[in-house]
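Open the model in your viewer and keep the selection tool at hand. The tour goes from the whole chain to single residues.

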Amino acid sequence: MFQNNIEYAKKQDADDKLAPFRNKFHLPKSATGEELIYLCGNSLGLQPKITSDYIKNELSDWANLGVEGHTEGKHPWLPYHEFLTENMAKIVGAKPSEVVVMNTLTTNLHLMMVSFYQPTKTKYKIVVESDAFPSDKYAVESQLKFHGIDPKEGLILWKPRKGEDLCRYEDLEKIMENHGNEIALLMIGSTNYYTGQSFPLKKITELGHKNECLVGFDLAHGAGNIQPNLHDTGADFAVWCTYKYLNSGPGSLGGCFVHERHATNEKLNRFVGWWGHNKNTRFNMRHEFDALPGAEGWQLSNPPILSMAAIRASLDTFAEAGFENIRDKSVKLTGYLEFLLDEMKNDAINVITPRNPEERGCQLSIQVKNADKNLHTKLTEAGVISDWREPDVIRVAPAPLYNSFEDVFYFSEKLKEVLK
Ligand SMILES: *Cc1c(COP(=O)(O)O)cnc(C)c1O
């Protein structure tokens, strides 16, 4: 169905109802002013053009109103995080009461593990996928140590089989069969940052719960990329960041999901702060802590409004496009990229990401035999912004909101050129 020529790519762009969204973003340019092929939205999403107005509005309320901006601002700062909740909940498929934007990803992961990792003498192990992002692995290891458990003893890796790149669900079942009664928590990435593999979240949650384990997901590469349907998975918690597919700026705040069954669960440990306290008595100061029900009850501090303004701009853009449309285009655009890579018929390249669109988002991880970082440098010189992971993988992620079929076509041409 796809065709390997520029006319076809241009025709797809002409027929694409999301094509006008490209112009709503700032696209990075080379030193000589040419537009680059930006395929790095999995690392840092591009800036929506409306973001600066959203931030300027808060700067001007601050300039004009000072502290009164908390209540008198156009978007008052006191409840500001609430303006993000509904749109964010849609993106991850959750109820608004289950979602809050706060802190950053790794911080939220720790807060969630304080609540949802409560090891006992016999049930204390944590399962992570073997290629987990380093920060997640460090966080999990340090939680184990915090409870006096040696990570060598307490950490179980869900690994691909020898000679394979992807994790198989059956192997997680095997782990649960053999160690289910020792495992307290499954902490899995939803879409793996390295391979691009998306895991079956609902099946994993059911498997974990059947074995009386709690289950949490890291959606850093899932949020804004796939539809994780968090509520329906039944997962206990999830965390994500907003600077990758959610286009909210470097280091911007993270998102956090707590399933509604835990909304008022007082048996959970938690580290708390005043922003998680009952809104009606928050400013009476000397009150005993009274947790807000739902995910909001895990908030610690009054949040950075400038960063939240950028998230609001981005979420408004997502809402305008509609996540289902975004995902539809994504499946097609990444399918086109895969087709063009197949067309190259080059034995040196091997796409390690699953071929089934249900098992991936927009990223393809391309392994290049005997390549080194030189390859990435050459691609950069050719005007492609991609991402290199040692030892031999280029990650490219055509983001459906701003990437075009033409981008994907020219990328494949440039890769061909560089591999010669
Ligand atoms: C990007 C990413 C992080 C980064 O964590 P921060 O706390 O936002 O710096 C962590 N985990 C995964 C899986 C990621 O992809």
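Before you start, one cut-off: a residue is buried under 20% relative accessible area, exposed over 50%, and partly exposed in between. Keep in mind too that this is a predicted model.

**Whole chain**

Show the cartoon for the full chain. There are 14 helices and 13 strands. Rotate the C-alpha trace along its principal axes: the spans are about 70 × 60 × 35 Å. The radius of gyration is 22 Å, which agrees with the value near 22 Å for a compact globule of 420 residues.

Now switch on the surface. Its accessible area is about 18,800 Å², and carbon and sulfur atoms make up 50% of that. Of the 420 residues, 56% count as buried. Look at contacts with a separation of 6 or more: residues 24 or more positions apart account for 70% of them.

Colour by charge next. You should find 47 positive and 56 negative side chains. The centres of these two sets lie 2 Å apart.

**Strands β5 and β6**

Select residues 214-218, which form strand β6. Is this strand largely enclosed by the rest of the structure, or open? Four of its five residues are buried, so β6 is largely enclosed.

Add residues 183-189, strand β5. β5 and β6 run in the parallel sense and pair over five bridges. Zoom in on G189: opposite it, in β6, stands D218. While you have the strands on screen, a general point: side chains in a regular strand alternate between the two faces of the sheet.

**N229**

Move on to the loop between β6 and α10 (230-233), and pick N229 there. What is the sign of phi at N229? Phi is positive, about 45 degrees, although N229 is not a glycine. Its relative accessibility is 37%, so N229 counts as partly exposed.

**K345**

Next, find the loop between α12 (323-343) and β9 (349-351), and select K345. Phi of K345 is near 45 degrees, again a positive value in a residue other than glycine. Is K345 buried or exposed? With 67% relative accessibility, K345 counts as exposed.

**E390 and P391**

For the last stop, select E390 and P391. Which kind of peptide bond joins them? The bond is cis, with omega about 5 degrees. P391 sits in the loop between β12 (387-389) and β13 (393-396).

Definitions and conventions: Residues are numbered from 1 along each chain as its sequence is written. This is a predicted model: local features need pLDDT of at least 70, side-chain atom pairs count only at pLDDT 80 or more; totals for chains, interfaces and linings use all residues. Side-chain values use heavy atoms; hydrogens and water are left out. Helices (H or I, at least four residues) and strands (E, at least two) are DSSP runs, numbered from the N terminus. The radius of gyration is taken over C-alpha atoms; the globule rule is 2.2 Å times the number of residues to the power 0.38. Buried means under 20% relative accessible area, exposed over 50%, partly exposed in between (1.4 Å probe, protein chains only). Contact means heavy atoms within 4.5 Å. Accessible areas come from the Shrake-Rupley method with a 1.4 Å probe; for residues, only the protein chains shown count as cover. Lys and Arg count as positive and Asp and Glu as negative; His and the chain ends are not counted. The place of a charge is taken as NZ of Lys, CZ of Arg, CG of Asp or CD of Glu. Two strands pair if DSSP finds at least two bridges between them.
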